[in-house]
Structures are given as structure tokens and as C-alpha cells.
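This report describes the fold, the cores and a few single residues of one protein chain. The sequence and the structure come first.

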Amino acid sequence: MIRTFSPDDAAEVTALWLESSAQAHPFLPTGFTAHAEADMREVFLPLSDEVVLYVDDASERIDAFMAFTGDFLGALFVRPSAQGRGIGGRLLRIALRMHPELTLSVYTDNVRAVEFYRRHGLAVLGRRTEEASGCEELIMGRPPRGCNG
């Protein structure tokens, strides 16, 4: 089931993010993810324009979420035990319908995520260094349309 976030979901979504982020970002400085946990729960989620959840029908557990600020997809995380079932692709397709001008950033070293976004038609639009971690990120979105004459 797809549903919107409510403040009561904050603890479960933050735990999902922490578990998923630790698996996806082993290259981050030691303690970075744990340090950012409170920011996720107390700043990022409440200040996001939209947070969409994927809830498993049988267990009623939140297995994935995505969060937006305008057309920027600030987060798309799938619980490691729920990966490989098409949940991330489904959420990304929904995100692209909701936000046709969607952009996102992804760590360059998160090769699995970079390839996931490429498989779903996104292209690298730029690069930057994330200030908090010092890691390089790719800015991705739909490729620019070519000129037709």
C-alpha cells in the first residue's frame, strides 16, 4: 500500500533510513549516519514537502519511503530485507509522475543506486561535494531534450 507520512511514522521511518543508509553507504565517515539520525527524525522529515510510504500489506510494516522538497527527491530508501521486489522502481515511477522535473543527488560511491537511477532513465546532470560528509555526489534527473532543428 502507498500512503502519506504522518508524524506517528517518524520513528519507524528513521529506523528504516538508518538501516538502509548503513548498508548503502559504508564509505561514509565513521559515525556519520548515526550522527545524522536525529536530523532525519527532527528536521528532514518534518521539513519535507511530501513524504510517501510503501507499507507491506501483510505485516503493515513500512518497507520504503521517499521524501521531496519541491521537485527534488531528497530520499528514496527501501528496507534491505525488502529490496529486490521492485518497490524502489515502483516508487521512482510514482515520483517521476508526481514531479516530471525531478532531480536528486546520489553519492558517486553508491554504485548500486547510481545504476538503479540510470536503468530508470535518469542521467547525470552535474556533480558536487556534499559539505557534511565530504563525499562526491551526482546530481541526476531526466536527460535534457535535444534540439529538433
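The sections below go from the whole chain to its cores, its helices and selected residues.

## Overall fold

The model is a predicted one. Its secondary structure consists of four helices and seven strands. Read from the N terminus, the order of elements is β-α-α-β-β-β-α-β-α-β-β. The radius of gyration is 15 Å, close to the 15 Å that the globule rule gives for 149 residues, so the protein is as compact as a globular protein of that length. The C-alpha trace spans about 55 × 35 × 30 Å along its principal axes.

Buried residues make up 43% of the 149 in the protein. Of the contacts between residues at least 6 apart in sequence, 55% join residues at least 24 apart. The accessible surface amounts to about 8300 Å², and carbon and sulfur atoms account for 51% of that surface.

## Nonpolar cores

In soluble globular proteins, nonpolar side chains tend to be buried together. Here the largest nonpolar core contains 25 residues, and Met66 and Tyr117 have the most contacts inside it. At least two residues of this core come from each of strand 2 (50-55), strand 3 (62-69), strand 4 (72-78), helix 3 (87-98), strand 5 (103-107), helix 4 (111-119) and strand 7 (136-141). Helix 3 gives the most, with six residues.

A second core, separate from this one, has 16 residues, including Ala10, Trp17, Ala36 and Phe65. As for Tyr117 in the largest core, its contacts beyond four places in sequence are with Leu76, Leu92, Leu104, Val106, Leu122 and Met140.

## Helix 4

The buried residues of helix 4 are Ala113, Val114, Phe116 and Tyr117. Seen down the helix axis, they fall within an arc of 160°, so they line one face of helix 4. Val111, Arg112 and Arg119 are exposed on the other side of the helix. An α-helix has 3.6 residues a turn, so residues three or four places apart point the same way.

The buried residues of helix 4 pack against strand 4, helix 3, strand 5 and strand 7. Just after the helix, Gly121 has a positive phi of about 90°.

## Helix 1

Helix 1 covers residues 10-24, 15 residues in total. From first C-alpha to last, helix 1 reaches 20 Å, close to the 21 Å expected at 1.5 Å a residue. Its buried residues are Ala10, Val13, Thr14, Leu16, Trp17, Ser20 and Ser21. These too fall within an arc of 160° when seen down the axis of helix 1, so they line one face of the helix. They pack against helix 2 (32-47), strand 2, strand 3 and strand 4.

Ser21, a residue of helix 1, has a relative accessible area of 2% and is therefore buried, the limit being under 20%. Apart from residues up to four places away in sequence, Ser21 touches Thr33 and Phe77.

## Val78 in strand 4

Val78 lies in strand 4 and counts as buried at 10% relative accessibility. Residues up to four places away aside, Val78 touches Leu16, Ser20, Asp63, Ala64, Gln83, Ile87 and Gly88. Leu16 and Ser20 are among the buried residues of helix 1. Trp17, another buried residue of that helix, is 61 residues from Val78 along the chain, and the C-alpha atoms of the two are separated by 8.0 Å.

## Two exposed loop residues

Glu60 sits in the loop between strand 2 and strand 3. Most residues other than glycine have a negative phi, and most peptide bonds are trans. In Glu60, phi is positive, near 60°. The relative accessible area of Glu60 is 64%, so this residue counts as exposed, the limit being over 50%.

Glu101 belongs to the loop between helix 3 and strand 5. With a relative accessible area of 60%, Glu101 is exposed. Glu101 and Asp71 are 30 residues apart in sequence, and their C-alpha atoms are 6.2 Å apart in space.

Definitions and conventions. Residues numbered from 1 in each chain as written. Predicted model: local features only at pLDDT ≥ 70, side-chain atom pairs only at ≥ 80, totals over all residues. Heavy atoms only, no water. Core = buried A, V, L, I, M, F, W, Y, C linked by side-chain atoms within 4.5 Å. Buried < 20%, exposed > 50% of the residue type's maximum accessible area, 1.4 Å probe, protein only. Contact = heavy atoms within 4.5 Å. Arc of directions from axis to C-beta. Expected span 1.5 Å × (residues − 1). Rg over C-alpha atoms; globule rule 2.2 N^0.38 Å. Areas by Shrake-Rupley, 256 points an atom, 1.4 Å probe, with all protein chains shown as cover.
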